[in-house]
Amino acid sequence: MDIPSGRRATPPIGIRADRSAEAPETDLPSIVIERRVEWPDTDAAGHYHHSTVVRWVEAAEAALLRRLGLVRLFGSTPRVHFEADYRARLWFGDLVRIELGVTRVGTASLHYAFTVRGKGDEEAATGRMVIAHSAARAPGATPWPAEVRDLLTKAGVQAPEILG
């Protein structure tokens, strides 16, 4: 892939940009969830508001952590980076699919990549989010417990959360 000097590509879900991770990542977890664009998700122009993507990505993260049995991590994983590219409009009532996958597990961090898709599988938004692990009352980042790290590197693709 040719990338202009000074720019870098966001790897597809499941592909790590940094191949020198601190732990071998054999079957990184991912999940797909579906949501509808609700009225409060839209802005004055009638399409989804940029902040809605953050909420959808965090909903996908919550679904993934629940599936992995890691609800104990809620409250100990602050966001340290979020970026998104908005590619297409989504309108009130549209069904959207949010794909979220772990791309790298660091000593005390976790990298996600996401894609939000609309009608016809069109990419509406893509991006990445990085979280840190910080145990309760810790002054900073703390290493992932071994059993958590094991799940975060080997859990694989999770069943989708599809609207019925």
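## The loop between E4 and E5

Asp 121 lies in the loop that connects E4 and E5. In this predicted model, Asp 121 adopts a positive phi of about 65 degrees, although the residue is not a glycine. With a relative accessible area of 43%, Asp 121 is classed as partly exposed, because that class covers values between the limits of 20% for buried and 50% for exposed.

## Overall organisation

The protein contains two helices and five strands. Read from the N terminus, these elements follow the order β-α-β-β-β-β-α. Of the 164 residues in the protein, 45% are buried.

The accessible surface of the protein amounts to about 8900 Å², and carbon and sulfur atoms contribute 53% of that area. Among contacts with a sequence separation of 6 or more, 71% join residues that are 24 or more positions apart.

## The sheet

The five strands make up an open sheet with the order E1-E3-E4-E5-E2, and the pairing is antiparallel. E1 and strand E2 (79–86) occupy the edges; each has a single partner strand, so one side of each has no neighbour in the sheet. From one strand to the next, the twist averages 20 degrees.

In general, strands of a sheet pair through backbone hydrogen bonds, in either a parallel or an antiparallel sense. The pairing of E2 with E5 is antiparallel and extends over seven bridges. Within the sheet, Asp 85 is placed opposite Thr 126 of E5.

## Helix H1 against the sheet

Helix H1 lies across E1, E2, E3, E4 and E5, and runs at about 130 degrees to E1. The 18 residues of H1 should span 26 Å at 1.5 Å a residue; the C-alpha atoms at the two ends are 27 Å apart, which agrees with that expectation. Just after H1, Gly 69 has a positive phi of about 75 degrees.

The buried residues of H1 are Thr 52, Val 53, Trp 56, Val 57, Ala 60, Glu 61, Ala 62, Ala 63, Leu 64 and Leu 65. The cover over these buried residues includes E1, E2, E3, E4 and E5. As a general point, an α-helix has 3.6 residues a turn, so residues three or four places apart point the same way.

Arg 66 also belongs to helix H1. The relative accessibility of Arg 66 is 45%, so this residue counts as partly exposed. Apart from residues up to four places away in sequence, Arg 66 touches Val 71 and Glu 161.

## The nonpolar core

The largest nonpolar core has 33 residues, and the members that touch the most others are Trp 56, Tyr 112 and Val 116. Two or more residues of this core come from each of strand E1 (30–36), helix H1 (50–67), strand E3 (95–105), strand E4 (109–117), strand E5 (123–132) and helix H2 (146–154). H1 supplies the largest share, namely seven residues. In soluble globular proteins, nonpolar side chains tend to be buried together.

The surroundings of Tyr 112 can be listed in detail. When neighbours within four places in sequence are left aside, Tyr 112 is in contact with Glu 61, Leu 64, Leu 65, Leu 100, Gly 101, Val 102, Thr 103, Gly 127, Arg 128, Met 129 and Ile 131. Of these partners, Glu 61, Leu 64 and Leu 65 are among the buried residues of H1.

## The loop between E1 and H1

His 47 is located in the loop between E1 and H1, and Thr 42 is placed in that loop as well. His 47 has a relative accessible area of 15% and is therefore buried. Thr 42, with a relative accessible area of 14%, is likewise buried. Both assignments follow because buried means under 20% relative accessible area.

Residues up to four places away in sequence are not counted in the contacts of either residue. His 47 touches Asp 41, Thr 42, Arg 89, Leu 90 and Trp 91. Thr 42 touches Val 37, His 47, Tyr 48, His 49 and Phe 92. Thr 42 and Leu 90 are 48 residues apart along the chain, and their C-alpha atoms are separated by 8.7 Å.

Conventions. Residues are numbered from 1 along each chain as its sequence is written. This is a predicted model: local features need pLDDT of at least 70, side-chain atom pairs count only at pLDDT 80 or more; totals for chains, interfaces and linings use all residues. Side-chain values use heavy atoms; hydrogens and water are left out. A nonpolar core is a set of buried Ala, Val, Leu, Ile, Met, Phe, Trp, Tyr and Cys residues joined through side-chain atoms within 4.5 Å. Buried means under 20% relative accessible area, exposed over 50%, partly exposed in between (1.4 Å probe, protein chains only). Helices (H or I, at least four residues) and strands (E, at least two) are DSSP runs, numbered from the N terminus. Contact means heavy atoms within 4.5 Å. Two strands pair if DSSP finds at least two bridges between them. Axes are lines fitted to C-alpha atoms, for helices over the stretch in contact, and angles run from 0 to 180 degrees between N-to-C directions. The expected span of a helix is 1.5 Å times one less than its number of residues. Accessible areas come from the Shrake-Rupley method with a 1.4 Å probe; for residues, only the protein chains shown count as cover.
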